[in-house]
Amino acid sequence: MSVEVNERSEPEQRTDQTPLVKLVGIKKYFPIRRGIIFQRTVGNVHAVDGVDLEIYPGETVGLVGETGCGKSTLARVIMKLFEATEGQLFYDGQEYTRFSRRRMRPLRREVQMIFQDPYASLNARKTVGSIIGEPFRIHRTVSKGKIKGEVQQLMELVGLNPEHYNRYPHEFSGGQRQRIGVARALALKPRLIIADEPVSALDVSIQAQILNLLEDLQAEFKLTYLFIAHDLSVVKHVSDRVAVMYLGKVVEMAPGAMLYRNPKHPYTGALLSAVPIPDPDLAAQKKRIILEGDVPSPIDPPSGCRFHPRCPRAQLPKCSTDEPVLEVHHPGQLAACHFPLEDRAIMETAGVSE
Amino acid sequence: MPEPLLEIKNLKVHFPTDDGLVKAVDGVNLTLYPGQTLGVVGESGSGKSVTWLTVMGLVTKKEAIIEGEILFRGQDLLKLPVDELRNIRGSKMGMVFQDPMSSLHPFFKVGDQIVEAIRAHQRMSKREAMDLAIDMLRRVGIPRPEERARQYPHEFSGGMRQRAMIAMALVLNPDVLIADEPTTALDVTVQAQILDLIDRLEQEFNAAVVIITHDLGVVAEHADDILVMYAGKPVEFGERRDIYYGAHHPYTWGLLQSIARLDEAERERLRPIRGLPPSLIFVPPGCAFHPRCPYAFDRCSKESPELIPENGHHASACFLPLADKERIFKEEVLQRS
């Protein structure tokens, strides 16, 4: 328990430290256009709608939410694969929101990405050697003659057989392909790795191998991770802090263990209560918050709190008119809710030792 | 004991390929009773899906060498002529797949697709069939079913599509519902809704349900019995509590230890199963799991263990003495939680 307390207050103690990545009021709208010649914008998809986030060196921040909550869009905005509609991006204290492609280049070396589908994100016509070696060729960090040796070293590092240098992606299993993706991301010795659902396409037994690999690499190279997934148990396992997103906004942010014990936002509670636990007795004790309906359209998000139409605790009119902001509930735990959950609302005894 | 609904006896499904014989299913024995929910668990390539595709008649003797018996109410499905099998498949047994987008036809309205399924098996006017389809959509929890029936699959969300698939599988009131990774492509909140729905429908229709998954977490709340498969063979079978609170097979231990648990007190290192699932052409001799098993000894690479019931009907195919299995489970597997 005492360890927990330290963990909670950590972000405050870090004020003298510059965050590696800082997002201020990031919005990303995708215009919806109608008409063939005279295209006019008839609306916007509010994919990300005002997100502040800081990622400190060496930590793992988890980003969790359902399909369409904007978590992948946010990752692509950080990578500047999408231009932010509003807000500011900082890397190591320097703003890069409006950087040109050329000025982005050194930054791209330091921030790498791992994708969900290891088959779709690898070029099927290239050998594994040339896929992992590609970053060297683009950024010219290693001379041509040395590329093969470097690539084989990387392959060994991620648990691939270096002799398979000349094989093609289809000759590997899903887990091995994800290792190829990890090796490619590591090639330029990045500081930040954004992993977008890196294990959700894999078997549970293989997921564990990849999660352990990512953990080892973090320790060895002092990497910082932004770990995006819809599976709260995986996110909680790998992350120091977890941000929960709903319809383009962060609704709660806290260390994983705290989220599990005391979720404050009813949406976090619903997510938690839906996660399967491989323990029938414990699962039976869990109180379920069942959400009605689907996530509303991000084209015209609900007024006030975006979660209010599905929220079991919503009180009208407050929740439909006043938009809640992120407030501190416990040290280190922020939630945006007018009527937060009581402590231990989901798990009475919770297998957590006190 | 009630009359068994489905009995699988020594089922083998082998696919001839240019590289050799793929032994996808290699000796499965199983009995399924009405109202029973069976969880079938294993990694990709364990034969868990092929077994049930064969039961549904979706893998046939045209593409595979099939041996053994599949008795549905005493009738061997493998010996039935195609048109009689077609009567049973669809009306007596329904199947739901992982990806509902690829199992619904994108060009036809959802309601029409369900109507087609009904009229393939029952003489019924289109209007009656549509009423039945709409009623079924309502029962699986689709709001405004009259409107929804006139929409195309792309207008449905993932969870709604999976509900529509379940509606289609259940509309003829089958005795067996086979759900192959029904929630793998869905968000956790939707996953919970779909699994609850399957539970509820099982009671409503008194059907036997088979849930195929790679994740022991998914079936913890829903299955009565669990069958664990590895390299085409069942390696452990037991009641739910037998598996979660006293599993006997090292492979099952590995599956349990691989799961990142929400209820872990502190961040503990996951203990994955080392290595990869074997090639089904060159299956390791002896116990197929021995190259990945931390407890393997001499005998494991020479002899193939049988699935033997150890107490009651909890059975495992492993040479370790029972006392060792119980000790290892308590000391090494359970300690995490």
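Let me start with strand β1 of chain A, residues 21-34, which pairs with β2(A) in the antiparallel sense over 12 bridges; please keep in mind throughout that this is a predicted model. Within that pairing, I32(A) stands opposite G43(A), which belongs to β2(A). The hairpin that these two strands form has 5 residues between the strands, and in this hairpin G35(A) takes a positive phi near 95°.

The strand β2(A) comes up again when we turn to the domains. The domain assignment of chain A gives domain 1 as residues 2-246 and domain 2 as residues 247-354, and the C-alpha centres of these two domains of chain A lie 26 Å apart. Their contact takes 31 residues from domain 1 of chain A and 29 residues from domain 2 of chain A. On the domain 1 side of that contact, the elements of chain A that give two or more residues are α1 (2-13), β2 (40-55), α8 and β9 (241-246). Which of them gives the most? It is β2(A), with 9 residues, so to speak the hairpin strand we began with. By class, the domain 1 side that touches domain 2 in chain A has 14 nonpolar, 9 polar and 8 charged residues.Let me now move from the contact inside chain A to the one between the chains, where 37 residues of chain A are in contact with 37 residues of chain B. On the side of chain A that touches chain B, two or more residues come from each of α7 (204-221), α8 (232-238), α10 (266-274) and α11 (280-285) of chain A, and the largest share, 7 residues, comes from α7(A). The residues on this side of chain A divide into 19 nonpolar, 12 polar and 6 charged. Notice that α8(A) is listed here and is also among the elements on the domain 1 side of the contact with domain 2 in chain A.

Finally, chain B, where I would like to look at one sheet. An open sheet of 4 strands has the order β2-β1-β4-β5 in chain B, with antiparallel pairing, and its edge strands, each pairing on one side only, are β2 (20-32) and β5 (75-76) of chain B. As a general reminder, strands of a sheet pair through backbone hydrogen bonds, either parallel or antiparallel. Strand β4 of chain B, residues 65-72, is joined to β5(B) by 2 bridges, and the two run antiparallel; F72(B) has Q75(B), in β5(B), as its bridge partner. What packs on this sheet? Helix α1 of chain B, residues 48-55, does, touching β1 (6-17), β2 and β4 of chain B, and the direction of this helix makes about 70° with that of β2(B).

Notes
Residues are numbered from 1 along each chain as its sequence is written. Chains are lettered from A and ligands numbered from 1 in the order in which they are written. This is a predicted model: local features need pLDDT of at least 70, side-chain atom pairs count only at pLDDT 80 or more; totals for chains, interfaces and linings use all residues. Two residues are in contact if their C-beta atoms, placed from the backbone, lie within 7 Å. Ala, Val, Leu, Ile, Met, Phe, Trp, Tyr, Cys and Pro count as nonpolar, Asp, Glu, Lys and Arg as charged, and the others, Gly among them, as polar. Two strands pair if DSSP finds at least two bridges between them. Axes are lines fitted to C-alpha atoms, for helices over the stretch in contact, and angles run from 0 to 180 degrees between N-to-C directions. Domain bounds come from an automatic or database domain assignment.
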